[in-house]
Number of protein chains: 2
Amino acid sequence: MNVQAPTALVRLARDAAAAPSDRPAAGAAALKTQCSSCHLRDLCLPCGLGLPEVARLDGLGFGRRKVKAGEELYRGGDRFQYVHAVRSGTFKSSLMLSDGREQVSGFHMAGELMGLDGLANGRHASTATALEDAEVCAIPYVHLNELATGSSEMQLVMARLMSREIVREHSLMMLLGSMNAEERVAAFLINLSQRMKARGYSPSEFHLRMSRAEIGSYLGMKLETVSRTFSAFQQQRLLEVDKRHIRIVDLEGLMRAFQPQVH
Amino acid sequence: MNVQAPTALVRLARDAAAAPSDRPAAGAAALKTQCSSCHLRDLCLPCGLGLPEVARLDGLGFGRRKVKAGEELYRGGDRFQYVHAVRSGTFKSSLMLSDGREQVSGFHMAGELMGLDGLANGRHASTATALEDAEVCAIPYVHLNELATGSSEMQLVMARLMSREIVREHSLMMLLGSMNAEERVAAFLINLSQRMKARGYSPSEFHLRMSRAEIGSYLGMKLETVSRTFSAFQQQRLLEVDKRHIRIVDLEGLMRAFQPQVH
DNA sequence: CGTCGAGTTGAACGACTTCAACGAAAGTGG
DNA sequence: CCACTTTCGTTGAAGTCGTTCAACTCGACG
């Protein structure tokens, strides 16, 4: 975990957005939102906070914002002002190389936070795109920071959220660095399954919000390989796949595919 | 940037260390350290802090710790207590799969912070190993947290450091997900070069502290491929390589190798 | 009805891996 | 101090997994 600026490893194509827009979150001020009464409060930001702290979150009176399928919530290079919490829908976040290559760095569902990467230098490093019609809470970071000053509890929660993000990316690095196609896809599906479960949906049957190409980009492989791997799993009777509809038939087997050679 | 626990994507082999040791940093209390007089203060934690804040850091009176080459500073699964700042020497941090596969997730040099991934759940996710004799500052996290309570400046610096870590990992994901062998090695060398420069060393001639296998693991390729790529660059007159001694002959060319097809 | 994007599948290719052999350097122990 | 082993790096040859290119199906949408 070194902390130097990532000047060289990748120069994000923040020049891709010719003039990085500093637009405020359009329509964010529309509805006031209460964390205390939100059905996502155990998954989202308030998770782990005591009642008085949650009340202070409510006091912020941050707004919501609707995002249509395919629309971008923010782009790499945009000024960082808000931490976004997904209320409904699914997002992808992605990084761009100046030559146009895209790398999907994550998928986000209800209760998950987006945009923490923007803190580093005040500008978003990634672009967040809605994969379906979605809604987010837009929490002004400065307010969050004020709130954390004086509350070591709030502060710890924020720090923990960022740390989780780091750990999450570790997992992805592991995956990209030392797993083959089947392991990657298995890991992806198991992860999705668990997140569905945590949200009260069926862990064994769900609808993919992302295309084969997006899955491929996330997993560091081509869409054809993703497709083939799905087919292979189907033939091994681990999955049933119909386009974006997934049914996990043999979770045990899938987990074995995920970590095959345990010596 | 979703924030769910990484339960599935990768199960870190924290059981590898049969009984995750909760040992304190051995000998950490030996010497008191002053950030204000440290020659690394512009690279390290105090960077961006005002004088009064740095004075408060000094007030913490945290200790140092010497680590011999090959020794581990902490292991995945160890209790998270300290944030470590590298004073001298080089570290790698790595993740383990339960089947023994290792993925190097970063290299750390003087002034860089390690261990921020431990915050997520109170245990280190990665293992930090010294690649040469080294020394670190071990800063108790609880003290750091106390210090940040009441100082929004300190708080912001901490948050920014974590965010940088996230952005850094983004770069690595990009690299692992969508670059070929030559691009990876070029990116790695350019990054190293810049970090050497920031520390007052020659950016064009330096000594690698890590083996081919460690570079390979970091870049998601085999040691033989690393070796071959070095040789290829040498033949293209971009580098001169003698074991671990590197001389960058043509930085421009190397950068072109890093991002070849700019349309 | 025709077009377009998304997904599947086959065949050929190629980049990286695997296996293997070798030399140099560094540590080990008499 | 010198044989010994071990580790590290390089290089070649063969093999493999994923990519690339291409053809085709299906459903959505004007």
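1. Let's start at the DNA. Eighteen residues lie around DNA strand D, and those that come nearest are A:N180, A:T225, B:S211, B:S227 and B:S231. So you know what you're looking at: this is a predicted model. Which elements bring at least two residues each to the surface near DNA strand D? They are α6 (223-235) of chain A, plus α5 (212-219) and α6 (223-235) of chain B. The largest share, six residues, is from α6(B). Sorted by class, this surface has seven charged, six nonpolar and five polar residues.

2. Now for the other strand. DNA strand C has 18 residues around it, with A:S211, A:S227, A:S231, B:N180 and B:T225 the closest. Here the elements giving two or more residues are α5 (212-219) and α6 of chain A, along with α6 of chain B. The top contributor to the surface near DNA strand C is α6(A), which supplies the largest share with six residues. The class split for this surface is six nonpolar, five polar and seven charged.

3. Next, one of the helices from the DNA strand D surface. How much of α5(B) is buried? Six of its eight residues are, so α5(B) is largely enclosed by the rest of the structure. The buried ones are B:E214, B:I215, B:G216, B:S217, B:Y218 and B:L219. The cover over them includes α3 of chain A, and from chain B it includes β4 (91-96), β5 (102-108), α3 (152-178), α4 (181-198) and α6. Just past the end of α5(B), have a look at B:G220, which takes a positive phi of about 70°.

4. The two chains meet over plenty of residues: 73 from chain A are in contact with 74 from chain B. On the chain A side, at least two residues each come from β4 (91-96), β5, β6 (113-114), α2 (141-148), α3 (152-178) and α4 (181-198). Which element gives the most to that side? That is α3(A), with 24 residues. By class, the chain A side of this contact divides into 34 nonpolar, 29 polar and 10 charged residues.

5. A word on α3 in the other chain. B:S171 has its place in helix α3 of chain B. Is B:S171 buried or exposed? B:S171 has 21 C-beta neighbours inside 10 Å, and the cut-off for buried is 20 or more, so B:S171 counts as buried. From B:S171 to B:E240 there are 69 residues in sequence, and the C-alpha to C-alpha distance is 26 Å.

6. Then there's the core. The largest nonpolar core holds 140 residues, and the members that touch the most others are A:M162, A:L189, B:M162 and B:L189. As background, nonpolar side chains in soluble globular proteins tend to be buried together. To follow one of these residues further, take A:L189: setting aside neighbours within four places in sequence, A:L189 is in contact with A:I246, A:I248 and A:L254.

7. Chain A by itself is worth a look too. Chain A has seven helices and 11 strands, and 48% of its 263 residues count as buried. Among contacts in chain A with a separation of 6 or more, 71% are between residues 24 or more positions apart.

8. The domain assignment splits chain A into domain 1 (1-164) and domain 2 (179-258). Where these domains of chain A touch, domain 1 puts in 11 residues and domain 2 puts in eight. Which strand gives the largest share of the domain 1 side? Strand β5 (residues 102-108) of chain A does, with four residues. The domain 1 side is made up of six nonpolar, two polar and three charged residues.

9. Last, a sheet in chain B. Four strands form an open sheet in the order β1-β8-β3-β6, with antiparallel pairing. At the edges stand β1 (63-67) and β6 (113-114) of chain B; each has a single partner strand, so one side of each is left without a neighbour in the sheet. Strand β3 (residues 82-88) of chain B runs antiparallel to β6(B), and two bridges join them. To find one of these pairings on screen, go to B:A85, whose bridge partner in β6(B) is B:L113.

Note on methods
Residues are numbered from 1 along each chain as its sequence is written. Chains are lettered from A and ligands numbered from 1 in the order in which they are written. This is a predicted model: local features need pLDDT of at least 70, side-chain atom pairs count only at pLDDT 80 or more; totals for chains, interfaces and linings use all residues. A nonpolar core is a set of buried Ala, Val, Leu, Ile, Met, Phe, Trp, Tyr and Cys residues joined through C-beta atoms within 7 Å. A residue is buried if 20 or more other C-beta atoms lie within 10 Å of its own, exposed if 12 or fewer, and partly exposed in between; C-beta atoms are placed from the backbone. Two residues are in contact if their C-beta atoms, placed from the backbone, lie within 7 Å. Domain bounds come from an automatic or database domain assignment. Ala, Val, Leu, Ile, Met, Phe, Trp, Tyr, Cys and Pro count as nonpolar, Asp, Glu, Lys and Arg as charged, and the others, Gly among them, as polar. A residue is near a molecule or strand if its C-beta atom, placed from the backbone, lies within 6 Å of it. Two strands pair if DSSP finds at least two bridges between them.
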